[in-house]
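This report is meant for a reader who meets this structure for the first time. Please look through the sequence and the model before reading on.

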Amino acid sequence: MTQAGRTLLKGALFMVAAVALSACSMFRGDDSPAGQSRADADRDRGGISLFGGGGGDDQEAGIGVNSFLWRASLDTLNFMPLESADPFGGVIITDWYSDPTTPNERFKATVYILDTRLRADALNVSIFKQTQANGQWVDAAVDPDTEIQIENAILTRARQLRLSNVR
């Protein structure tokens, strides 16, 4: 291939890449107020600011989810050993917990915080249960009301934290 052909090919690839990259923004609606950038709108909703950007505001970079739901989730599940916690992704995973009064069953919880706002639909709790049979742990059904009760306990605690912060 000649030098001119390679240059033309590089230019064409660059144009295709630029068009493809610019098309990415069309898949998300712009819900930010007029005159405000999407990054500023996300920061105002409680998201994080990477690399210290932010236009000179005195706001600190925080976790990527609602802080009251995050703290309430940790407080509510503090009796279970923590396996992992991702404050930017909003995921809390506990390790298996067995109540001393019922050593033949154990539970594990996963909490997903889905929003930066304190809302009931911003929280999703999954509970897993295993029972011991013949020396082996076997998956067992969890009462669906258990997940709802834990979600309600987390939401109640989050409201308490928010009210104590307001006063």
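What covers the buried residues of helix 4? The cover includes helix 3, strand 3 and strand 4, and the paragraphs below build up to that arrangement from the chain as a whole. The model is a predicted one.

**The chain as a whole**

The secondary structure consists of four helices and five strands, which follow one another from the N terminus in the order α-α-α-β-β-β-β-β-α. The chain has 167 residues, of which 21% count as buried, and it exposes about 11400 Å², with 56% of that area supplied by carbon and sulfur atoms. Among the contacts with a separation of 6 or more, 39% are between residues 24 or more positions apart.

**Two antiparallel strand pairs**

Strand 1 pairs with strand 2, and strand 4 pairs with strand 5; the table sets out a few details of each hairpin.

| Strands | Bridges | Residues between the strands | Residue with positive phi |
|---|---|---|---|
| Strand 1 (residues 82–86) and strand 2 (residues 91–94) | four | four | glycine 90, near 75 degrees |
| Strand 4 and strand 5 (residues 136–140) | five | two | asparagine 134, about 55 degrees |

Both pairs run in the antiparallel sense. Within the hairpin of strand 1 and strand 2, serine 84 stands opposite isoleucine 93 in strand 2, while in the other hairpin alanine 133 stands opposite glutamine 136 in strand 5.

**Helix 4 and the nonpolar core**

Helix 4 has 23 residues, which at 1.5 Å a residue should span 33 Å, and the distance of 34 Å between its end C-alpha atoms agrees with this. Its buried residues are Ile150, Glu151, Ile154, Leu155, Ala158 and Leu161.

The largest nonpolar core has 20 residues, and those with the most contacts inside it are Leu69, Val111, Ile113, Leu123, Val125 and Ile154. At least two residues of this core come from each of helix 3 (67–76), strand 3 (105–113), strand 4 (123–133) and helix 4 (144–166), and helix 4 gives the most, with five residues. As a general background, nonpolar side chains tend to be buried together in soluble globular proteins.

Two residues of the core may serve as examples. Isoleucine 154, found in helix 4, has a relative accessibility of 0% and therefore counts as buried, the limit being under 20%. Setting aside residues up to four places away in sequence, isoleucine 154 touches Leu69, Ala72, Ser73, Thr76, Val111, Leu123 and Val125. Leucine 123, for its part, is in contact with Ser73, Val111, Tyr112, Ile113, Glu151, Ile154 and Leu155, when its neighbours within four places in sequence are left aside. Although isoleucine 154 and leucine 123 are 31 residues apart in sequence, their C-alpha atoms are 8.8 Å apart in space.

**A buried aspartate in a loop**

Where does aspartate 115 lie? Aspartate 115 belongs to the loop between strand 3 and strand 4. Its relative accessible area is 19%, and because buried means under 20%, aspartate 115 counts as buried. The side chains of aspartate 115 and arginine 117 are joined by a polar contact of 2.8 Å. Apart from neighbours within four places in sequence, aspartate 115 is in contact with Val65, Asn66 and Ala122.

Note on methods: Residues are numbered from 1 along each chain as its sequence is written. This is a predicted model: local features need pLDDT of at least 70, side-chain atom pairs count only at pLDDT 80 or more; totals for chains, interfaces and linings use all residues. Side-chain values use heavy atoms; hydrogens and water are left out. A nonpolar core is a set of buried Ala, Val, Leu, Ile, Met, Phe, Trp, Tyr and Cys residues joined through side-chain atoms within 4.5 Å. Buried means under 20% relative accessible area, exposed over 50%, partly exposed in between (1.4 Å probe, protein chains only). Contact means heavy atoms within 4.5 Å. Accessible areas come from the Shrake-Rupley method with a 1.4 Å probe; for residues, only the protein chains shown count as cover. Two strands pair if DSSP finds at least two bridges between them. The expected span of a helix is 1.5 Å times one less than its number of residues. A polar contact is a pair of N or O atoms within 3.5 Å; within protein, one must be able to donate a hydrogen and the other to accept it, and residues adjacent in sequence count only if both atoms are side-chain atoms.
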